[in-house]
Amino acid sequence: MNLKTLYAVLLGSTMSVASLSAQRIHQTLEKDWRFTRADDPASMRLDFNDRKWESVRVPHDWAIYGPFSFDNDKQHLAITQDGQKEAMEHAGRTGGLPFVGVGWYRRSLELPSDLSGKRVKLIFDGAMSQARVYVNGQEVGYWPYGYNSFYLDITPYVHAGGKNVVAVRLENKHESSRWYPGAGLYRNVHLEITNDIHIAHWGNQVQTPIIEEEYARVEVRTVVRNLSTLGQGEIDVITSLIDPSGRVVYKTGASGYFSQHNRDSVYRGHLIAPKPKLWDIKQPHLYKYAIELRQGDKLLDSDTTTFGIRSIKMVQNEGFYLNGRKVKFQGVCLHHDQGPLGAVVNEASYRRQIRIMQDMGVNAIRTSHNMPAPEFVRLCDEMGMMVMAESFDSWRIPKVPNGYNLYWDDWYEKDLVNLLHQFRNSPSVVMWCIGNEVSEQWHPDGSKRAYTLQNICHREDPTRPVTNGMDSPLSVIKNGMAAVMEVPGFNYRPHLYDTAHRVLPQGFILGSETASTLSSRGVYKFPVERKSMAKYPDHQASSYDVEHCGWSNLPEDDWIRHDDLPWAMGEFIWTGFDYIGEPTPYYSDWPSHSSLFGAVDLAGIPKDRFYLYRSHWNKEASTLHILPHWTWPGREGQVTPIFVYTSYPEAELFINGKSQGKLKKDPSIGIDATENDEDKKNFTRQKRYRLMWLNTKYEPGVVQVVAYGKDGRSAEIKEIRTAGKPDRLELVVDRREIKADGKDIAFVTVRLVDKDGNLIPNDQRLINFKVKGAGRFRAAASGNPASLDLFHEPQHHLFSGMLTALVESGERAGEITFTASAKGVKSASITIRTK
Ligand code: GAL
């Protein structure tokens with residue numbers, strides 16, 4: 001039920017619906033912005049002429065359009081976390097994109113002619129970074145941290161009925177980030193007008209302390225803000241509870257009051273949800289809490305808050321429980337960037353990302369290492385994905401010279417509080433994370449600082465546990481930081497979990513960051529050997545999933561612990577998707593400029609590793625995946641191992657009809673016996689989870705795998721074939737119908753295939769895109785971490801035979817025709833409807 005219908009239900013015909021909903025005006029400021037990278041201080045002025053500036057739509061990332069350059073934010077330093085002792089050149093660390101420097105945005109605000117008794121607010125979901133906001137020439141606020149949401153009361157600066165202009169100056173410093181941060185108004189900006197007696201921003205808090213089968217008790221707390229000239233007064237407070245089907249299931253009327261001028265008062269109430277439907281990763285039921293403040297006949301304000309009824313708890317020696325059921329985190333760390341879209345918020349892109357992760361079997365996302373966009377958390381609420389919401393990558397001691405350390409003293413509490421207030425009603429958020437591998441791990445004040453931050457979390461939200469991603473278990477055991485944390489979160493070093501569990505009081509360990517396995521989609525290196533920090537002339541890593549960083553490991557090194565140790569709470573792998581920046585281990589190896597960590601590449605195309613995780617994590621669907629591809633001209637007769645990632649326990653492999661033998665996963669392989677170099681080299685742990693035919697020889701033809709179920713009967717068959725000559729392009733679109741709202745996106749996978757539809761696995765040819773009709777070309781990406789193709793140009797090289805093109809809707813309903821073409825092969829077209 002929408003708000004208007006709700007009012008109609010609650011209040012019958014006593015008041016018109018239109019006048020009620022007019023109490024709060026909300027507008028997302030997307031269109032009509034002007035933008036420049038010239039830094040003229042006069043840009044703040046009301047009468048400044050910005051007609052020559054670029055017209056842009058917000059969310060907007062000024063840096064994603066490139067060009068890429070070795071010189072963009074070239075950092076000369078030692079990454080001490082990665083074990084570097086001497087300063088060296090890091091060219092692609094932050095993506096090689098031009099985000100450093102100043103950008104200005106301007107836009108006019110249309111305001112009602114009468115604003116008496118009203119308050120006007122601007123809300124920024126995130127502005128990268130050091131936002132200085134001006135209204136009609138006057139500075140109205142400053143917010144340095146680019147990842148946080150903040151709001152500004154601009155009432156004293158606006159002209160009711162007159163011309164109003166907002167101008168925003170942003171500035172990103174050199175050496176301020178460890179990855180691509182994006183630039184500009186990359187998240188939404190909103191205008192909100194309320195009465196001067198109103199519900200404070202993020203002023204509603206909902207908790208569900210009692211959850212029984214028959215009922216749940218819903219405790220609500222609403223902050224009423226009086227910015228009028230009136231002294232204290234009485235109000236009627238009407239609250240209602242709306243169940244997931246849209247029915248009002250509980251309603252209360254109470255009297256409350258507002259405090260004197262410039263003060264807040266708090267309304268507390270209790271509601272009952274009969275036979276509650278729980279929010280769960282299996283089915284994410286959502287409730288709404290609606291509140292109205294009335295004075296006699298006058299509606300002062302109204303608001304609705306979406307929340308969920310669900311319980312979480314941590315049990316010593318057992319771990320994490322959701323709704324009374326033990327759940328291990330099958331989590332991924334995700335950066336905020338959306339690959340070819342840069343940092344901009346886009347719902348279609350988020351939705352696709354969450355869907356792909358859910359298909360992999362992921363049940364939780366860590367928003368590493370900063371505050372997520374509100375759209376992202378809302379989608380996690382709606383789609384049943386748990387979230388670990390993070391705040392900082394560094395505290396007071398810097399990791400990069402111009403990082404958050406510059407703002408720490410004045411801002412950490414404000415930043416943390418905004419995160420907590422913004423998301424504390426979201427059922428998907430099950431844990432707060434106060435930091436990532438902060439340098440305070442080695443500082444005597446480390447535990448004190450962690451304690452302070454954790455206490456702020458508990459003060460603002462007593463319902464969720466707090467963790468901290470720590471990568472130096474021995475130092476944080478020593479300086480007390482690990483013992484202070486409600487949930488000790490360890491990054492990497494799973495071999496120290498046991499030691500930590502023995503000496504720490506909590507009785508459980510979270511793998512807050514794990515794996516950092518490296519691979520490039522469709523690239524295979526021979527011989528197949530486990531390697532640390534391996535580099536190759538092509539700037540890629542092997543997709544046999546046997547390579548990792550100096551501090552990290554292979555997926556199985558984590559699984560074996562989370563499977564066998566009851567108190568190991570599960571993990572958040574680094575990372576679900578590739579992201580821009582951090583091309584480890586290619587630190588100084590331009591043009592490497594995006595990561596190789598993802599189970600899914602920057603184009604959103606699964607790597608082999610996606611299927612490895614899927615085979616272990618996704619219990620709802622079967623997985624049977626063969627690697628590598630089988631087109632190796634020149635490798636005839638050479639050892640070319642074949643791996644099968646499967647949810648089945650056993651399989652038999654055939655090359656051109658000849659059996660290569662049956663292999664069975666070996667569940668008896670344990671942790672301790674395999675914690676040595678020999679077993680690492682021999683892939684012993686892998687044999688518990690993957691099927692590996694290590695001595696197969698290449699001959700062109702067909703590779704077939706027959707999987708057997710637990711009952712020993714053949715259950716599924718898969719084949720891959722040697723590809724012939726490149727013949728045509730093939731297109732697969734994720735959605736054939738998208739919204740005609742000017743921002744919805746269809747993701748088209750472009751594949752180069754032979755005449756029988758086999759992927760040409762090593763082709764890198766240039767693809768041209770044409771979009772006609774009711775939409776436009778938006779961007780493309782191939783997943784090649786060393787490609788300098790610009791994302792927004794309507795041509796892009798394939799990587800391992802594939803890429804993804806993004807097609808954006810216009811605002812008129814109709815049909816979009818997308819065509820991909822390339823030299824020497826047949827082109828392909830697809831139509832997408834917009835509605
Ligand atoms: C971790 C860090 C991540 C990323 C990762 C790469 O130490 O928390 O942000 O840098 O290493 O392996």
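These legends go with a set of close-up views of a predicted model.

**View 1. Trp143 and Phe150 make a stacked pair.** A search through the whole structure turns up 40 aromatic pairs. Here we zoom in on Trp143 and Phe150: their ring centres are 5.3 Å apart and the planes meet at just 5 degrees, so this pair counts as stacked. Both partners are tucked away from the surface. Trp143 is buried, with 9% relative accessible area, and Phe150 is buried too, at 0%.

**View 2. Phe320 and Phe329 make a tilted pair.** The centres of these two rings lie 4.6 Å from each other, and the angle between the planes is 35 degrees. That angle is not under 30 degrees, the limit for stacked, and not over 60, the limit for edge-to-face, so the pair ends up as tilted. Phe320 is buried at 1% relative accessibility, and Phe329 is buried as well, with a relative accessible area of 3%.

**View 3. Eight names, one aromatic cluster.** Tyr145, Tyr147, Phe392, Trp395, Tyr404, Tyr407, Trp408 and Tyr412 join up into a single aromatic cluster.

**View 4. Lys525 and Lys662 each sit over a tyrosine ring.** In one spot, the charged end of Lys525 is placed over the ring of Tyr536, with 4.5 Å to the ring centre. In the other, Lys662 lies over the face of Tyr708, and here the ring centre is 4.1 Å away.

**View 5. The ligand and its surroundings.** Have a look at what lines up around the ligand: Arg178, His369, Asn436, Glu437, Asn491, Tyr492, Glu513, Ser516, Trp551, Trp574, Glu582 and Phe597 surround it. As for where this happens, the ligand sits in the second largest cavity.

**View 6. Polar contacts from His369, Asn436 and Glu582 to the ligand.** A polar atom in the side chain of His369 comes to 2.5 Å from a ligand oxygen. Glu582 also has a polar side-chain atom 2.5 Å from an oxygen atom of the ligand. For Asn436, an N or O atom of the side chain is 2.9 Å from a ligand oxygen. On its own the ligand would expose 310 Å², and the protein buries 98% of that.

Methods. Residues are numbered from 1 along each chain as its sequence is written. This is a predicted model: local features need pLDDT of at least 70, side-chain atom pairs count only at pLDDT 80 or more; totals for chains, interfaces and linings use all residues. Side-chain values use heavy atoms; hydrogens and water are left out. Rings of Phe, Tyr and Trp (its six-membered ring) pair if their centres lie within 6.5 Å; planes under 30 degrees apart count as stacked, over 60 as edge-to-face and the rest as tilted. Buried means under 20% relative accessible area, exposed over 50%, partly exposed in between (1.4 Å probe, protein chains only). A charge sits over a ring if NZ of Lys or CZ of Arg is within 6 Å of the ring centre and within 35 degrees of the ring normal. A residue is near a molecule or strand if one of its heavy atoms lies within 4 Å of it. A polar contact is a pair of N or O atoms within 3.5 Å; within protein, one must be able to donate a hydrogen and the other to accept it, and residues adjacent in sequence count only if both atoms are side-chain atoms. Accessible areas come from the Shrake-Rupley method with a 1.4 Å probe; for residues, only the protein chains shown count as cover. On a 1 Å grid over the protein atoms alone, a cavity is a set of points where a 1.4 Å probe fits but cannot get out, and a pocket is an open set with protein on both sides within 12 Å along at least five of seven lines; lining residues have an atom within 4 Å of a point. A molecule sits in a cavity or pocket if more than half of its atoms lie within 2 Å of its grid points.
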